[in-house]
Amino acid sequence: MTLCEVVVPYFRLEGEENMRVSTYEMFFHFPEYGKTIMFNGLSGTLDMVPISMGTALEQEAINKSKCVTINESVSQVLLKRYHLTELTEEDEISSCFELANKYEKIQKPVYDAHRFIILPTYKCNFCCPYCYERDIEDRVSTNKPEQLMTKEQVDNIFSIMERYPYIAEKSQMEIFGGEPLYKNTLPIVRYIVEKATRAGRNITVTTNGYDLNLFEDLLSPAKISAVQITVDGTEAIHNARRVSRSGGKTFHKIIDNMRLALDKGIVVRARVNVDKSNLTSYVELINYFKEIGYFEYPKFVFTYALVRTLPGQKNDLCITDSEFFDYLEENITDNTLMSYAISEENGGLLRNLLNNPVAASKTRYCGAVGSSIFFSPDNLLYNCTEVVGQPQYAIGTYDTEIHIDEKKESVWKKRHMPNIPECLRCPLVFMCSGGCAFRAMECGCADGPYCVSIKESFERRLRIEAKLYDIFTRS
Ligand code: SF4
Ligand code: SF4
């Protein structure tokens, strides 16, 4: 991987009247290396220039003045790479609009195929203090009988799925909950897995991993081929946060079950939900996984998510992306450890931008505005992970057919590019595409952008990766 470096001994004023810095330009200065990385969000191009040039161009972009002009050969390179443009701002935004429509059209076959997620139950054998599903009545009420999905419901779901186009990218189904893998769900999960295998689909399960051993015979690359399991810190911290209803400690059982799954040859994604209460054990946890040899398994993946509140809610334990990345930079000097810590599972942001010509072509933020359908045990349909079990957010019902409430669904589905005008002026338009729909709605801006943390996260990650891959000396 190399970053194209625009090498110039000097730059100076030289009459380029029609040229200006693109509206979609972002600048990342690295004084310690004397370089600036320029990112153009419209084209997805990423290049490196001397910091003197980078800062001058940034000033020009901010002041919209013509204080800098670059000698012709350099300006032609920057023009070809879209950092400079001869278009007016208005025309550039129009071209963004057209590009968004084009990307939507190209990606339509993928959206049409849908992502299917089955919830066999809302109940859970854990009662974690931060769980966003903890208020679902069916889940917390010990008197209420559990509503487990029936075989008939599963048959209906599979016959509904057959009516959507089948494509490889979406052949993976998901099982979610509640806790989908515990003793009560075993018969119905077995039934789902058998049907999925016959339909040529394998399955990813989001589980707390505590009872995974009960499902051992279903763990294989052709059946349940991936599990995502939350591990929230080293032993004591995890045990305080991932709490079993039966009162038992959960850490070692989960760790053992992860090894069981890895030995079966399936993908195990260990996910840490990070906030102030476990941040300081984050590096220790990575070291623990290293010591017990899990990173030696090619299918072991380490990921994190920062715990986020909803607008209007207060949670003093939440941390910002900057706090998280500051902690990493202060506590990690080893590159391998850093690459685990930032969970650059798919090659990382920087490498993806450099190597994948369509990395910046996203028009929908997430599956909720894309093509996710969650089938619940009470016959409701949802499209967003965080609202399952809250009927006011359901977008329809299902029996042998699906019955979508188009008015309710359109509140989500319309949030794609080019429908959010503010995003059409944003350098991250094709990296982000509108932000979290659920949080935007909760903020009362269902039609507007939800930008919280996105720019910050992009910038910090890009900076860390640039140093991690030694981009400055390798180019
Ligand atoms: S939501 Fe915010 S960060 Fe994301 S594309 Fe829109 S304006 Fe940019
Ligand atoms: S809308 Fe927000 S909460 Fe819902 S799935 Fe998308 S990112 Fe997650």
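How many bridges join strand E9 to strand E10, and do the two strands run parallel or antiparallel? Select residues 224-230 for E9 and residues 267-274 for E10: the two run parallel, with five bridges between them. Keep in mind as you look around that this is a predicted model.

For a close-up of this pair, pick Val227 and Val268; Val227 stands opposite Val268, which belongs to E10.

Now widen the selection to the whole sheet. You should find an open sheet of 10 strands with mixed pairing, and reading across, the order is E11-E10-E9-E8-E7-E6-E12-E13-E14-E15. Colour residues 300-306 (E11) and residues 402-404 (E15) to mark the edges. Each of these two has a single partner strand, so one side of E11 and one side of E15 are left without a neighbour in the sheet. On average, neighbouring strands here are turned by 25° against each other, direction ignored.

Next, add helix H9 by selecting residues 282-291. This helix lies across E10 and E11, and its direction makes an angle of about 165° with E10.

For the last stop, move to strand E3, residues 35-40, and pick out Phe39 within that strand. Is Phe39 buried or exposed? Phe39 counts as buried because it has 24 C-beta neighbours inside 10 Å, where 20 or more are needed. To see what Phe39 touches beyond residues up to four places away in sequence, show Met26, Leu46 and Pro427. Then try a distance label from Phe39 to Pro418: C-alpha to C-alpha, they are 21 Å apart in space, and 379 residues apart in sequence.

Note on methods: Residues numbered from 1 in each chain as written. Chains lettered and ligands numbered in written order. Predicted model: local features only at pLDDT ≥ 70, side-chain atom pairs only at ≥ 80, totals over all residues. Pairing = 2+ DSSP bridges. Helix = DSSP H or I, 4+ residues; strand = E, 2+ residues; numbered from the N terminus. Axes fitted to C-alpha atoms, helices over the stretch in contact; angles between N-to-C directions. Contact = placed C-beta atoms within 7 Å. Buried ≥ 20, exposed ≤ 12 C-beta atoms within 10 Å, placed from the backbone.
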